[in-house]
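Grab a pencil and work through these exercises with the structure open beside you. Try each task yourself before reading its solution.

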Amino acid sequence: MTRAIERLIVVLGDQLDPESPLVAACDDRSALWMAEVSDEATHVWSHKARIVQFLAAMRHFRAAREAEGRQVIYRDLGAHEHRSLAACLAGDIESLGV
C-alpha cells in the first residue's frame with residue numbers, strides 16, 4: 001500500500017550510497033524518487049555494457065531500499081513517455097500533488 005507522500009527525495013544514478021543523508025532523510029512522509037530516462041543514456045556517449053550496469057545498479061539500489069521498508073517511486077526506462085529527468089520529475093510532482 002502506498003503511503004501519502006509529502007516530499008520526494010531525488011536520487012540520481014550516481015548517488016547510490018545506502019549511507020547517504022538523502023536515504024537517511026526518507027521518512028514515512030517521504031519517498032525516494034528515481035527514474036531511468038533515455039536522455040541520460042544518450043547525452044554523453046557510453047558503451048552499452050556501461051549503461052546496462054548503471055541501470056542494474058539503480059534497480060538493485062531500489063530493491064534494497066524497498067526491502068528496508070522505504071517507499072520508492074521508480075520510473076523504468078520505456079514505462080513512461082519522458083525523455084529527460086526534469087520532465088519525468090515534473091510529471092510525477094503534478095500527478096502526486098507533492
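**Exercise 1. Overall form**

Work out whether the radius of gyration of the protein chain agrees with that of a compact globule.

*Solution.* Start with the length: the chain has 98 residues, and a compact globule with 98 residues would have a radius of gyration near 13 Å. Next, take the value for this predicted model, which is 13 Å. The two agree, so the chain fits the globule rule. For another view, look along the principal axes: the C-alpha trace spans about 40 × 30 × 20 Å.

**Exercise 2. Helices and strands**

Find how many helices and strands there are, and in which pattern they follow along the sequence.

*Solution.* Count first: you should get 4 helices and 3 strands. Now read along the sequence, and the pattern comes out as β-α-β-α-α-β-α. Then check how contacts link up the chain. Take the contacts between residues at least 6 apart in sequence: 65% of them join residues at least 24 apart.

**Exercise 3. Surface and charge**

Describe what the chain exposes and how its charged side chains are placed.

*Solution.* Begin with the surface: about 6300 Å² is exposed, and carbon and sulfur atoms supply 55% of that. As for the residues, 31% of the 98 count as buried. Now the charges: there are 11 positive and 15 negative side chains. The centres of those two sets lie 3 Å apart.

**Exercise 4. A tryptophan and its neighbours**

Decide whether W33 is buried or exposed, and list what it touches.

*Solution.* First, place the residue: W33 lies in strand β2, which covers residues 30–35. Its relative accessible area is 1%. Buried means under 20%, so W33 is buried. Now skip the neighbours within four places in sequence, and W33 is in contact with L8, I9, V10, V11, I73, L85, C88, L89 and D92. Finally, compare sequence and space: W33 and Q71 are 38 residues apart in sequence, with their C-alpha atoms 8.8 Å apart.

**Exercise 5. Cysteines**

Explain why C88 is in no disulfide with C26.

*Solution.* Recall the idea: a disulfide is a covalent bond between the sulfur atoms of two cysteines. The cut-off to use is 2.5 Å between the sulfurs. The closest cysteine sulfur to that of C88 is in C26, 17 Å away, so it is too far for a bond. The disulfide count is 0, and C26 is in none, with the sulfur of C88 as its nearest cysteine sulfur. Both cysteines are buried all the same: C26 has 7% relative accessibility, and C88 has a relative accessible area of 1%.

**Exercise 6. Two residues of one helix**

Sort D92 and A87 into buried or partly exposed.

*Solution.* Locate them first: D92 is in helix α4, residues 85–96, and A87 is in helix α4 too. D92 has 8% relative accessibility, so it counts as buried. A87 has a relative accessible area of 32%, so it is partly exposed. Next, look at contacts: leaving out residues up to four places away in sequence, D92 touches W33, I73, R75 and G97. Last, try some distances from C-alpha to C-alpha. D92 and G78 are 14 residues apart in sequence and 16 Å apart in space. A87 and V37 are 50 residues apart in sequence, yet 9.6 Å apart in space.

Key
Residues are numbered from 1 along each chain as its sequence is written. This is a predicted model: local features need pLDDT of at least 70, side-chain atom pairs count only at pLDDT 80 or more; totals for chains, interfaces and linings use all residues. Side-chain values use heavy atoms; hydrogens and water are left out. Helices (H or I, at least four residues) and strands (E, at least two) are DSSP runs, numbered from the N terminus. The radius of gyration is taken over C-alpha atoms; the globule rule is 2.2 Å times the number of residues to the power 0.38. Buried means under 20% relative accessible area, exposed over 50%, partly exposed in between (1.4 Å probe, protein chains only). Contact means heavy atoms within 4.5 Å. Accessible areas come from the Shrake-Rupley method with a 1.4 Å probe; for residues, only the protein chains shown count as cover. Lys and Arg count as positive and Asp and Glu as negative; His and the chain ends are not counted. The place of a charge is taken as NZ of Lys, CZ of Arg, CG of Asp or CD of Glu.
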